[in-house]
Amino acid sequence: MRYLSLTIVICFYCIASTAQEVREKLDSLFESIYKDHAFNGNVLVVEKGKEIYRREFGYANVEDHQLNKADTRFQLASVSKTFTATAILQLKEKNKLKLDDPVQQYLPDFPLTGVTIRQLLQHTSGLQDYQIFEKPHREDTGRIFTNADIIPALKRYEMVLPPPGERWSYSNIGYGLLVLIIEECSGMSYPAYMERYIFRAAGMTHTYLASALLRHPDPERSVNYDFYGYAPADLLRVDSLPRYRIPNTILGGILGPGYVVSTTDDLLRFDEALYGNRLLRQETLEEAWTPGTLNNGQKAAMGWGSGQSYYGLGWNILRDTSIGKVVWHSGGAPGIVTVFLRNISRRQTVIVLDNVTHRNVHGNGINAMYLLNHRPPFPEKRSLASVYAQTLVSGGPDLATAQFNTLKRDTAHYYLDERELNTQGLELLWNGYPALGLEALKLNTLLFPGSWNVYDSYAAALVINNRKDAAIAMYRLSVTMNPGNNEGRTALQKLLEQMPQNKSR
């Protein structure tokens with residue numbers, strides 16, 4: 001009996017030691033990215049109802065010195081799609097709709113035949129994304145678009161769309177259409193339906209919808225921030241940045257793809273309600289967590305990021321099943337990056353909410369799930385463009401170039417992207433560092449000589465730095481490589497008219 005007691009004590013000590021080790025590894029992961037100015041938000045990790053790790057990092061409101069707290073509310077961005085999908089599946093269970101019904105059966109004005117509700121849920125409908133609003137926006141720049149504008153915009157959209165079921169293609173407007181179907185089938189507004197049948201039913205007392213048109217004052221809601229790549233510690237309010245006016249305001253009235261506001265604890269209540277089948281029956285959940293199928297029989301796989309997941313009915317399904325079946329969703333928008341992971345085989349949940357545009361949060365959320373299962377995390381690669389831009393400001397061009405040439409060989413820890421370096425150069429150019437912006441954009445032309453866009457951006461930098469002769473040469477090269485570059489052609493013509501030989505005529 002003595003030996004049995006000793007064995008029990010030893011086993012308990014091993015379990016406690018292992019749990020403590022997991023907590024330490026999780027804390028090390030998030031502490032390191034926080035110190036690297038790559039995270040600002042809340043983390044909650046739970047296993048079989050037991051809290052494994054919880055911590056809040058950084059500020060909910062920088063200006064008011066308000067720290068993130070356990071009950072801070074965050075915009076969820078596309079994690080909201082799991083709620084929209086849940087509503088559709090509830091209506092299916094109530095026999096209000098069938099997933100393979102055509103969209104036109106519920107929305108007669110919808111202009112595309114053959115598209116089903118299931119395909120909207122799976123992003124296999126062939127629909128484009130928010131670009132359908134480009135033409136209406138050009139004609140009415142002061143308008144805030146809503147779900148009611150989706151079908152009229154589709155009717156005017158001129159691009160040829162692929163057949164339904166042909167490929168996987170992420171479409172926010174598809175989820176906007178699902179909202180119209182929810183309202184048609186339930187006889188309720190989308191916000192009212194969500195409050196009654198999902199938020200309240202799951203006990204989510206701090207969760208609500210808030211958009212550009214749907215106001216919900218809340219002093220506990222986090223402010224959304226972004227930053228320039230060369231200064232990641234200097235947070236800028238997203239609502240103060242003109243470049244985000246279109247996604248945040250003009251397209252900010254479209255519900256369904258996003259705009260759910262919640263907390264880590266409320267998301268855990270949603271998680272528990274799903275496990276308890278208080279929102280959906282188990283067979284319905286199993287269907288939601290089954291990868292969609294394309295016309296050619298292949299599974300619907302996510303076409304961006306690492307390509308590591310399939311897509312079901314409002315849920316990603318992780319391809320790697322070595323730690324169990326993980327269903328999840330990520331979210332990303334200006335000033336918002338979120339991830340909600342559920343290992344349904346081992347009843348584990350990882351929730352990470354960030355109110356700053358830190359694009360590595362999704363990968364670190366998945367890494368947290370791996371650490372929870374005693375698996376090594378995938379190494380996160382840093383953007384060499386960001387490192388270069390930061391060193392340009394802190395150390396000057398020579399040091400930045402030397403560092404760049406040293407790190408570019410380390411492809412295990414750094415990646416280089418043409419668009420990111422272009423963005424870094426333009427941010428420097430337009431925010432008080434014209435000479436440094438010129439350096440970054442010049443480097444981009446040397447690294448990516450096959451891109452017309454790098455010459456166009458470099459030409460703009462040359463103009464600002466009063467190097468008009470060189471700018472003319474770069475604009476000419478850009479429009480030669482891309483005759484459709486009308487903005488470059490206009491800029492070139494304007495420069496030519498300013499040249500002395502043209503003025504004297």
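**Sheets, helices and two polar side chains**

Strands β13 (residues 336-343) and β14 run antiparallel to one another and are paired through seven bridges. The model described here is a predicted one, and this pair of strands makes a convenient place to begin a tour of it. Two bridges give the register of the pair: V339 in β13 has V352 of β14 as its partner, and L341 is matched with V350 of β14. The hairpin made by β13 and β14 has four residues between the strands, and R347 there adopts a positive phi near 50°.

Strand β14, which spans residues 348-354, is mostly covered, with seven of its seven residues buried. In a regular strand, side chains alternate between the two faces of the sheet. For β14, one direction is taken by Q348, V350, V352 and D354, while T349, I351 and L353 point the other way, and all of these residues are buried. Strand β13 gives a similar picture to walk through. Eight of the eight residues of β13 are buried, so this strand is largely enclosed by the rest of the structure. Here I336, T338, F340 and R342 point one way, and V337, V339, L341 and N343 point the other way, all of them buried.

What pairs with β14 besides β13? Strand β1 (residues 41-47) pairs with β14 in the antiparallel sense, over seven bridges. Within this pairing, V45 has V350 of β14 as its bridge partner. V350 is thus met from β1 by V45 and from β13 by L341. Strand β13, for its part, also pairs with strand β12 (residues 326-333), again in the antiparallel sense, over eight bridges. One of the bridges in that pairing joins V327 to R342 of β13. Strands β12 and β13 form a hairpin with two residues between them, and G335 in its turn has a positive phi of about 80°.

These pairings belong to a wider arrangement. Strands of a sheet pair through backbone hydrogen bonds, in either a parallel or an antiparallel way. In this model, seven strands form an open sheet in the order β2-β1-β14-β13-β12-β11-β10, with antiparallel pairing. The edges are occupied by β2 (50-56) and β10 (309-311), each of which pairs on one side only. On average, and ignoring direction, neighbouring strands of this sheet are turned by 15° against each other. At the β2 edge, β1 and β2 are joined in the antiparallel sense over six bridges, and E47 stands opposite K50 in β2.

A further open sheet has three strands, ordered β5-β9-β6 and paired in the antiparallel sense. Its edges are formed by β5 (74-75) and β6 (208-209); each has a single partner strand, so one side of each is left without a neighbour in the sheet. Strand β5 pairs with strand β9 (residues 260-262) over two antiparallel bridges, and F74 has S262 of β9 as its bridge partner.

Attention now turns to the helices. Two packed helices are described by the angle between their axes and by the distance between those axes. The axes of helix α2 (residues 81-93) and helix α7 (residues 190-199) come within 11 Å and cross at roughly 80°. Because angles of 65 to 115 degrees count as roughly perpendicular, α2 and α7 are described as roughly perpendicular to each other. The residues that meet are F83, T84, T86, A87, Q90 and L91 from α2, and Y190, Y193, M194, Y197, I198 and F199 from α7. By class, this contact has nine nonpolar residues, three polar ones and no charged ones.

Two polar side chains complete the picture. Is N147, in the loop between α4 (134-139) and α5 (150-156), buried or exposed? With a relative accessible area of 7%, N147 is buried. Its side chain reaches the backbone oxygen of L255 at 2.8 Å. Leaving aside residues up to four places away in sequence, N147 touches G176, V179, L180, G253, I254 and L255. T406, by contrast, is part of helix α13 (residues 397-407) and is exposed, with a relative accessible area of 55%. A polar atom of the T406 side chain lies 2.9 Å from the backbone oxygen of A402.

Key:
Residues numbered from 1 in each chain as written. Predicted model: local features only at pLDDT ≥ 70, side-chain atom pairs only at ≥ 80, totals over all residues. Heavy atoms only, no water. Axes fitted to C-alpha atoms, helices over the stretch in contact; angles between N-to-C directions. Parallel < 35°, antiparallel > 145°, perpendicular 65-115°, else oblique. Contact = heavy atoms within 4.5 Å. Nonpolar A, V, L, I, M, F, W, Y, C, P; charged D, E, K, R; others polar. Buried < 20%, exposed > 50% of the residue type's maximum accessible area, 1.4 Å probe, protein only. Polar contact = N/O pair within 3.5 Å; in protein donor to acceptor, adjacent residues only side chain to side chain. Pairing = 2+ DSSP bridges.
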